[in-house]
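Here is a walk through one protein chain, taken a piece at a time. Keep the 3D view open and turn it as you read.

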Amino acid sequence: MYNDFFGLKETPFTISPDPRYLFMSERHRDALAHLLYGIGEGGGFVLLTGEVGTGKTTVCRCLLEQLPDNVRLAYILNPKLNSVELMATMCDELGISYDKGEKSLKAFTDLLSNYLLQSEEKGLNTVLMIDEAQNLSVDVLEQIRLLTNLETNKKKLLQIILIGQPELQELLAKKELRQLAQRITARYHLRPLSLAETKAYIEHRLKIAGVTRPIFTKKAIGQIHKSSQGVPRLINVISDRAMLGAFAEHQHRVKDKIVNKAVNEVLGKNNKPQLEKETSSSVGYWKLLASAVALALLITLGWYLFQDYQQTQADERDKFVMEQERQRLKLEQQLVSTQQALAKASLEKDSQPLAEQFWGKQSWDRQGDLAAQNLFALWGLEYLPFQSAQACEFARQYSLECDNGVADWAFVEQLNRPVNLKFQSATDGFYWGLLVSLDGDKVSLQFGNNKVETNKSKLNPIWTGEYRLFWKKPLGMREAIKLGERGPHISWLLDSIRQVDGNAIAASRYNQEVKSWVEGFQKTAGLVADGVVGKHTVILLNNQVSPEIPKLKVGG
């Protein structure tokens with residue numbers, strides 16, 4: 001309805017998975033690299049999880065386009081099957097013939113085993129990929145685990161990829177599935193888009209649809225990100241409704257007020273996702289208003305007003321499509337390189353002996369208590385795990401806060417703080433360690449009493465991405481420091497500004513001048529330049545003004 005009004009050749013924000021609109025954020029590229037690694041690794045399980053709408057299906061479709069020639073894939077989209085139905089579906093996917101009335105698990109297992117052995121002799125890898133795997137029953141998951149027992153003396157004959165919502169992790173944590181959980185060789189949790197990625201995502205889809213000029217204001221994009229929480233599917237729905245609202249009001253820029261109205265329609269006034277059901281009154285209002293305005297525009301303006309504009313954009317679209325193709329080919333090469341590097345690292349040293357090398361004769365730190373003890377020691381604090389409170393509660397007693405999350409090496413290096421990292425072993429589960437220092441690819445870690453020198457490439461296959469660090473919150477600060485606030489935390493901020501660049505700002509509250517300085521600092525530091533002083537902005541400021549705080553990099 002609004003395409004002609006904005007000069008679009010097609011609707012940019014549909015929820016159908018059109019490969020032309022594929023947007024691969026850094027998180028999606030990492031997820032795809034994990035899946036490619038899993039396919040080439042040969043045996044065991046690979047786990048990809050993420051909230052609804054974060055792009056798991058997008059990653060799967062991209063994976064299907066890049067499968068090596070020697071891979072045979074059984075892709076199961078409907079996991080609500082019993083064990084016999086699962087085996088029958090696998091045979092259907094792989095082209096294995098069987099009697100249609102067959103109900104015996106043994107018969108299916110024999111057929112599959114023969115197929116896998118023949119494929120192995122031909123140099124083929126067989127992969128079972130199950131989407132929406134959180135819907136699998138415990139019995140079916142156990143049957144899937146048993147399939148990984150099909151092996152030769154040298155390798156497993158079947159690689160299994162499980163893709164699902166976060167509930168899948170809870171399911172695999174059940175005691176009766178501990179054997180399966182121990183066989184997971186790689187796992188990745190796909191997180192929502194950041195604010196910067198949301199902006200790039202919206203601009204990417206608009207360009208593919210034929211418009212390169214900015215349509216959404218900065219505040220509008222910020223509101224879309226906040227309301228959607230960075231979930232691509234919700235970004236699409238909100239953006240589509242906001243563009244319809246702008247069209248109805250005859251505005252060529254989508255502003256935050258229009259986005260707020262769209263959010264209320266899509267998610268309800270309480271901003272709770274309600275993508276299926278909408279109030280008839282609000283929908284009717286928008287439809288009537290949009291139809292009336294559309295009719296007036298068609299009568300008075302017509303298609304011809306946009307023909308000249310579309311013609312001038314044709315050459316730019318062609319150039320953009322060519323650039324997109326070049327970037328796609330470059331990404332494919334990068335992902336293949338990533339697959340080869342990860343597979344090589346896994347072959348050179350398996351996760352189990354690597355973990356045993358880290359710990360020696362010590363008991364592994366399953367809960368992260370020893371790692372926390374070693375991290376507290378860097379802050380000059382004595383933490384006794386079995387006598388003191390939990391680590392984060394203990395930290396608050398000394399005016400420290402915990403920062404827990406999932407990150408990559410670049411973000412850890414950016415924060416420049418010693419951190420506890422969570423690792424995984426191929427057979428014996430998880431354990432924690434302390435990252436003491438980082439210099440390029442070289443890292444120093446501590447596992448209990450053992451100090452280890454290694455490199456990031458060896459840790460990549462076994463680090464889950466989870467981290468924990470401690471930071472000092474300014475007195476008076478709540479969740480974040482925002483415009484208009486007063487108090488001791490503002491005095492701390494002003495003093496930090498003076499120490500960082502000698503700029504003495506005369507203010508008694510967090511005003512626009514202070515906010516402008518903070519935005520500049522955030523931009524230079526690689527953070528989102530929103531002017532809101534959150535924990536990571538505090539961490540990077542304290543790194544510069546508090547010499548007693550332990551750092552990850554020497555002289556950092």
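Let's start with Phe13, which sits in the loop between α1 (3-6) and α2 (26-41). Keep in mind that this is a predicted model. Is Phe13 buried or exposed? Its relative accessibility is 3%, and buried means under 20%, so Phe13 counts as buried.

Who keeps Phe13 company? If you skip its neighbours within four places in sequence, Phe13 is in contact with Ile202, Arg205, Leu206, Phe216, Asn236, Ser239, Asp240 and Met243. Try finding Leu234 too: Phe13 and Leu234 are 221 residues apart along the chain, yet their C-alpha atoms are separated by 9.9 Å.

Zoom out for a moment. The protein chain has 22 helices and eleven strands. Of its 556 residues, 49% are buried. Take the contacts with a separation of 6 or more: 70% of them are between residues 24 or more positions apart.

Now look for strand β3 (residues 125-130). Five of its six residues are buried, so β3 is largely enclosed by the rest of the structure. On one hand, β3 pairs with strand β2 (residues 71-76) in the parallel sense, over six bridges. In that pairing, Ala74 stands opposite Leu128 in β3. On the other hand, β3 pairs with strand β4 (residues 158-164), again in the parallel sense, over five bridges. Here Ile130 stands opposite Leu162 in β4. Add helix α6 (residues 138-147), and you get a right-handed β-α-β unit made of β3, α6 and β4.

Here are three strand pairings to compare in the viewer:

| Strand pair | Sense | Bridges |
|---|---|---|
| β2 and β3 | parallel | six bridges |
| β3 and β4 | parallel | five bridges |
| β6 and β11 | antiparallel | seven bridges |

The last row takes us to another sheet. In what order do its six strands come? The order is β6-β11-β7-β8-β9-β10, the pairing is antiparallel, and the sheet is open. Its edge strands are β6 (400-406) and β10 (450-455), each of which pairs on one side only. Ignoring direction, neighbouring strands of this sheet are turned by 30° against each other on average. Between β6 and strand β11 (residues 463-472) there are seven bridges, and Leu400 has Lys472 in β11 as its bridge partner.

Helices pack against this sheet. Helix α15 (residues 351-359) touches β7 (419-425), β8 (429-439), β9 (442-447) and β10, and its direction makes about 65° with that of β8. Helix α22 lies across β6 and β11, running at about 65° to β11.

That brings us to a helix pair. Two packed helices are described by the angle between their axes and the distance between the axes. The axes of helix α21 (residues 512-525) and helix α22 (residues 535-545) come within 11 Å and cross at roughly 85°. Angles of 65 to 115 degrees count as roughly perpendicular, and α21 and α22 are therefore roughly perpendicular to each other. Which residues meet where α21 and α22 touch? From α21 come Trp517, Phe521, Gln522 and Ala525, while α22 offers Thr537, Leu540, Leu541 and Gln544. Sorted by type, the residues of this contact of α21 with α22 are five nonpolar, three polar and no charged.

Technical notes
Residues numbered from 1 in each chain as written. Predicted model: local features only at pLDDT ≥ 70, side-chain atom pairs only at ≥ 80, totals over all residues. Heavy atoms only, no water. Axes fitted to C-alpha atoms, helices over the stretch in contact; angles between N-to-C directions. Helix = DSSP H or I, 4+ residues; strand = E, 2+ residues; numbered from the N terminus. Parallel < 35°, antiparallel > 145°, perpendicular 65-115°, else oblique. Contact = heavy atoms within 4.5 Å. Nonpolar A, V, L, I, M, F, W, Y, C, P; charged D, E, K, R; others polar. Pairing = 2+ DSSP bridges. Buried < 20%, exposed > 50% of the residue type's maximum accessible area, 1.4 Å probe, protein only. Right-handed = clockwise from strand over helix to strand, strands pointing away.
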